Amino acid sequence: MNAMVNIGFIGIGKMGRLMSENLLNSGYKLSIYDKNLDSMNQLKEKGAIIASSVHEIGKRNDIIFTMLPDSHSVESVLDGEHGLFHSMKQGGMIVDMSSSYVFSTKQLAKRASALRLTLVDAPVSGGIKGAKEGTLTIMVGANQEDFLKVLPYLKAVGKVINLVGDTGSGHALKAINNFLSATSLYATSEAMILAKKLGIDLEIALDTINKSSGQSFSTHYKYPAFILPRSFDSCFSLDLLLKDVKMVSSIAKDTKIPVLLAAIVEQIYEAASRTGEKNQDHTEVIKFLERISNFSLQEVDELQHNNHT
């Protein structure tokens with residue numbers, strides 16, 4: 001495959017729009033499809049070709065990227081009545097960059113192979129910032145040959161691109177990564193609210209921790225960027241993170257591996273989802289902890305004043 005290959009992209013959401021834009025900026029001819037017409041029109045101005053249906057984008061392209069909410073959405077786009085399995089030409093490739101379930105991905109890959117199509121998975125980490133800057137980390141599940149075929153296109157949207165195993169491995173590792181992210185964020189939240197209660201300045205605490213063994217992506221980035229300013233605008237929802245943690249629990253059940261901590265983390269984020277507002281950012285998990293502890297991170301100034309008097 002080369003730059004003259006026709007490329008399609010399905011799922012022009014917050015991440016998909018930025019990733020599509022980077023493909024266009026890299027000189028690729030790109031067709032796009034999303035149920036939301038407004039999201040596609042933004043890219044039309046940048047040279048993207050608007051497809052009217054999944055069937056149309058399948059007929060038109062040799063390689064198609066999907067960036068969708070979950071496995072159910074991917075299954076409907078691939079295997080639905082007018083899906084890609086029924087419209088793409090033999091020899092075509094589907095690159096699922098969604099956060100899908102590993103065993104669903106493996107089954108879809110078998111279906112694709114029987115139709116003489118190739119399905120590889122390439123989920124991403126790095127959020128809106130990484131998507132905008134083209135610096136996403138991409139976890140690819142494929143054989144070596146297919147990895148090399150898709151690599152030039154992935155370089156347009158990502159910086160760290162690793163072949164992590166056979167098809168499905170990328171989706172498995174993405175779920176595991178997000179479980180670690182969820183666990184780290186909540187552990188950091190408990191640590192920070194305890195530090196606040198003791199009258200410790202959080203900026204000093206984070207600066208110290210970031211030079212010590214307790215440092216993490218949450219202490220380096222999420223707390224100073226989204227939580228201390230209380231902007232909560234990472235653009236990744238709490239419910240999507242909860243979905244990924246549940247996915248780890250399901251993978252563990254299917255593989256008969258005990259993941260005791262994942263079960264607790266799942267319950268924490270489930271409770272935060274149920275008791276918080278709709279469409280919470282995942283960094284708003286701190287609000288759940290503030291509710292159950294009856295103490296807010298914003299109370300620190302008064303507490304520090306009392307400690308000094």
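Begin by selecting helix 12 in this predicted model: Ala-262, Val-265, Ile-268, Tyr-269, Glu-270, Ala-272 and Ser-273 are its buried residues. Display their side chains and look at what surrounds them. These buried positions pack against helix 8 (169–197), helix 11 and helix 13 (285–293).

Next, view helix 12 along its length. The helix comprises 16 residues and spans 23 Å from its first C-alpha to its last. That span is close to the 22 Å expected at 1.5 Å a residue.

Remain on helix 12 and select Ala-271, which is placed in this helix. Is Ala-271 buried or exposed? Neither term applies, because Ala-271 has a relative accessibility of 25% and so counts as partly exposed. Now add Ala-112 to the selection and draw a C-alpha to C-alpha distance. The two alanines, Ala-271 and Ala-112, are separated by 159 residues in sequence and by 38 Å in space.

Return to the packing and select helix 11 (residues 238–255) together with helix 12 (residues 260–275). Their axes are 9 Å apart, and the two helices pack at an angle of about 155°. Helix 11 is therefore roughly antiparallel to helix 12, angles over 145 degrees being counted in that class. The crossing of helix 11 past helix 12 is left-handed.

To see the contact itself, show side chains on both helices. On the helix 11 side, select Leu-238, Asp-239, Leu-241, Leu-242, Val-245, Lys-246, Val-248 and Ser-249. Facing them from helix 12 are Ala-262, Val-265, Glu-266, Tyr-269, Glu-270, Ala-272 and Ser-273. Colouring this contact by residue class shows nine nonpolar, two polar and four charged residues. Several of the helix 12 residues selected here were also in the opening selection of buried positions, among them Ala-262, Val-265 and Tyr-269.

Move on from helix 12 to the loop that links it to helix 13, and select Asn-279 there. Its backbone deserves attention: phi of Asn-279 is near 60°, a positive value in a residue other than glycine. Most residues other than glycine have a negative phi. Asn-279 is exposed, since its relative accessible area is 75%.

For the final stop, go to the loop between helix 5 (102–114) and strand 6 (118–121), where Arg-116 is found. What is the sign of phi at Arg-116? The value is positive, near 60°, and the residue is again other than glycine. With a relative accessible area of 58%, Arg-116 is exposed.

Methods:
Residues are numbered from 1 along each chain as its sequence is written. This is a predicted model: local features need pLDDT of at least 70, side-chain atom pairs count only at pLDDT 80 or more; totals for chains, interfaces and linings use all residues. Side-chain values use heavy atoms; hydrogens and water are left out. Axes are lines fitted to C-alpha atoms, for helices over the stretch in contact, and angles run from 0 to 180 degrees between N-to-C directions. Helices (H or I, at least four residues) and strands (E, at least two) are DSSP runs, numbered from the N terminus. Angles under 35 degrees count as roughly parallel, over 145 as roughly antiparallel, 65 to 115 as roughly perpendicular and the rest as oblique. A crossing is left-handed if the near helix is turned anticlockwise from the far one by less than a right angle, and right-handed if clockwise. Contact means heavy atoms within 4.5 Å. Ala, Val, Leu, Ile, Met, Phe, Trp, Tyr, Cys and Pro count as nonpolar, Asp, Glu, Lys and Arg as charged, and the others, Gly among them, as polar. The expected span of a helix is 1.5 Å times one less than its number of residues. Buried means under 20% relative accessible area, exposed over 50%, partly exposed in between (1.4 Å probe, protein chains only).
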